[in-house]
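Here is a short set of exercises to work through with the model open beside you. Try each task before reading its solution.

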Amino acid sequence: MYTDFQKHLQTTLQEIKDAGLYKNERVIITPQSSAIKVEGGADVINFCANNYLGLADNAELIQAAKDRMDARGYGMASVRFICGTQDTHKQLEKAISDFFGTEDTILYAACFDANGGLFEPLLTEQDAIISDALNHASIIDGVRLCKAVRYRYKNGDVADLEEQLKAAQAQRFRIIATDGVFSMDGNVCPLDKIYELAQKYNALVMVDESHSAGVVGKTGHGVTELYNMRGKIEIITGTLGKAFGGSVGGFTTGKKEIIDLLRQRSRPYLFSNSIPPMIAAAGLKTFELLTRDNTLQDKLHANTEYFVTRMKAAGFDIKPTQSAICAVMLYDARLSQEFAAALQQEGIYVTGFYYPVVPQGQARIRVQLSAAHTQEQLDKGIAAFTKIGKQLRVLK
């Protein structure tokens with residue numbers, strides 16, 4: 001049987017390669033940071049990590065993880081409701097709730113699990129989900145697992161959202177689902193207008209803060225801070241894998257009864273091991289650091305403004321951004337890969353994004369800024385982009 005299936009897989013893989021869409025994984029042999037070394041020995045400046053606050057190799061987080069592993073062991077070997085809950089898990093859940101101004105929090109192995117396990121326990125075929133067209137794949141998959149009636153509105157288009165909400169009045173309960181920051185473009189959802197429509201049409205709001213928490217807002221508390229809506233949104237999901245240390249682990253935080261029901265019925269929570277104690281401890285240390293002062297967020301915001309302003313001045317086509325994501329539009333999949341490969345030769349580590357990660361004809365290089373980037377690293381990145389842009393005739 002496998003002989004025939006193997007031929008089918010080989011043909012499919014070759015088609016992906018022929019279309020210029022095959023993804024190769026490059027190997028890093030140092031800790032994740034703004035400067036890294038790749039297999040083969042090349043030193044490069046890293047502009048494509050979700051390490052927004054530069055905490056992935058932070059000494060205090062590393063020590064917190066070591067200390068907790070010594071005190072509580074390596075792994076839990078259990079799900080939460082059996083024997084997989086330690087004091088560290090509860091402490092981290094409280095810290096997340098305090099950070100977002102919510103009532104309660106539930107931890108998952110990843111935000112993909114948080115989103116995948118969110119909708120099905122809460123809604124039935126009598127209800128509705130109104131989802132932004134550019135929502136993350138995890139939200140899309142979570143919606144697919146739920147029997148609720150599905151509506152979709154154009155990215156950030158509140159007029160279209162209102163039309164979908166009108167149609168969804170036929171259902172019992174309604175949830176508007178949106179990313180806080182859309183990861184491929186860097187734009188922020190219009191949460192203030194979304195909330196107004198939710199009030200008008202009797203809907204709940206769910207926001208995925210994965211790319212916005214720690215980044216957006218004056219003190220990095222996310223889109224609810226940006227729009228002065230702390231504590232007003234019913235459901236927030238997020239990750240520890242980006243700004244909050246860059247490890248693993250996700251969460252849903254929000255209204256107490258919602259979180260309580262997820263603990264009873266959310267399948268990724270009920271049937272997956274707890275995150276390891278060392279991960280929970282490092283996460284807890286992250287929130288301690290972020291309540292201490294605002295140094296990292298201020299540096300990130302300054303780095304982002306500097307980089308984006310100069311890239312635009314150089315002539316690059318940059319998507320409008322309110323986050324630490326700078327989408328350098330190239331439109332052609334092969335060109336995005338060629339551009340990224342040429343940049344690596346210049347000591348700049350980036351990745352080309354193309355279909356199916358982004359729509360056909362919307363290929364780009366997504367630059368992600370970090371508080372760890374120095375002025376010299378930013379200038380080297382801009383200079384390399386400009387050089388390769390001229391060589392490949394992206395710039396005149």
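**Exercise 1. An unusual backbone angle on the outside**

Task: Is Asn228 buried or exposed?

Solution. Start with the accessibility: Asn228 has a relative accessibility of 66%. The cut-off for exposed is over 50%, so Asn228 counts as exposed. Keep in mind throughout that this is a predicted model. Next, find its place in the chain: Asn228 sits in the loop between α10 (223-226) and β8 (235-239). Finally, look at the backbone, where Asn228 has a positive phi of about 55° although it is not a glycine. As background, most residues other than glycine have a negative phi.

**Exercise 2. A second positive phi**

Task: In which strand is Tyr331 found, and what is its relative accessible area?

Solution. Tyr331 belongs to strand β10, which covers residues 325-331. Its relative accessible area is 39%. Partly exposed covers the range between under 20% and over 50%, so Tyr331 is partly exposed. Tyr331 is not a glycine either, yet its phi is positive, at about 75°.

**Exercise 3. A cis peptide bond and a strand before it**

Task: Which two residues does a cis peptide bond join, and where does the proline lie?

Solution. The bond to find is the one between Tyr355 and Pro356, with omega at about 10°. Most peptide bonds are trans. Pro356 is part of the loop between β12 (352-353) and β13 (363-368).

Now step back to strand β12, where Phe353 lies. With a relative accessible area of 14%, Phe353 is buried. Leaving aside neighbours within four places in sequence, Phe353 is in contact with Met184, Ser336, Val358, Ala363, Arg364 and Arg366. As a distance check, the C-alpha atoms of Phe353 and Ala333 are separated by 7.4 Å, with their positions 20 residues apart along the chain.

**Exercise 4. Two helix pairs**

Task: At what angle do α4 and α13 pack, and at what angle do α14 and α16 pack?

Solution. Take α4 (residues 87-100) and α13 (residues 277-292) to begin with: they pack at about 30°, with axes 9 Å apart. Angles under 35 degrees count as roughly parallel, and α4 and α13 are therefore roughly parallel to each other. Their crossing is left-handed. On the α4 side, the contact includes Leu92, Ala95, Ile96 and Phe99, and on the α13 side it includes Ala281, Leu284, Phe287 and Leu290. Sorted by class, the residues of this contact are 10 nonpolar, 4 polar and no charged.

Turn to α14 (residues 295-314) and α16 (residues 375-391), which pack at about 20° with axes 10 Å apart. That makes α14 roughly parallel to α16. The crossing of α14 and α16 is right-handed. Among the contributors are Tyr306, Phe307, Arg310 and Met311 of α14, together with Leu378, Asp379, Ile382 and Phe385 of α16. The contact of α14 with α16 has 7 nonpolar, 3 polar and 2 charged residues.

**Exercise 5. Into the core**

Task: How many residues does the largest nonpolar core have, and which element gives the most to it?

Solution. The largest nonpolar core has 82 residues. Residues with the most contacts inside it include Phe47, Phe244, Phe307, Ile365 and Phe385. Helix α13 gives the most to this core, with 8 residues. Apart from it lies another core, of 21 residues, including Ala114, Val143, Ile175 and Ala177. For context, in soluble globular proteins nonpolar side chains tend to be buried together.

Now zoom in on one core residue. Beyond its neighbours within four places in sequence, Ile365 is in contact with residues including Val328, Leu330, Phe339, Leu343, Val350 and Phe385.

**Exercise 6. A threonine in a helix**

Task: Is Thr286 buried or exposed, and which residues is it in contact with, leaving aside neighbours within four places in sequence?

Solution. Thr286 is found in helix α13. Its relative accessibility is 0%. Buried means under 20%, so Thr286 counts as buried. With neighbours within four places set aside, Thr286 is in contact with Leu55, Leu61, Phe244 and Gly245.

Key
Residues are numbered from 1 along each chain as its sequence is written. This is a predicted model: local features need pLDDT of at least 70, side-chain atom pairs count only at pLDDT 80 or more; totals for chains, interfaces and linings use all residues. Side-chain values use heavy atoms; hydrogens and water are left out. Axes are lines fitted to C-alpha atoms, for helices over the stretch in contact, and angles run from 0 to 180 degrees between N-to-C directions. Helices (H or I, at least four residues) and strands (E, at least two) are DSSP runs, numbered from the N terminus. Angles under 35 degrees count as roughly parallel, over 145 as roughly antiparallel, 65 to 115 as roughly perpendicular and the rest as oblique. A crossing is left-handed if the near helix is turned anticlockwise from the far one by less than a right angle, and right-handed if clockwise. Contact means heavy atoms within 4.5 Å. Ala, Val, Leu, Ile, Met, Phe, Trp, Tyr, Cys and Pro count as nonpolar, Asp, Glu, Lys and Arg as charged, and the others, Gly among them, as polar. A nonpolar core is a set of buried Ala, Val, Leu, Ile, Met, Phe, Trp, Tyr and Cys residues joined through side-chain atoms within 4.5 Å. Buried means under 20% relative accessible area, exposed over 50%, partly exposed in between (1.4 Å probe, protein chains only).
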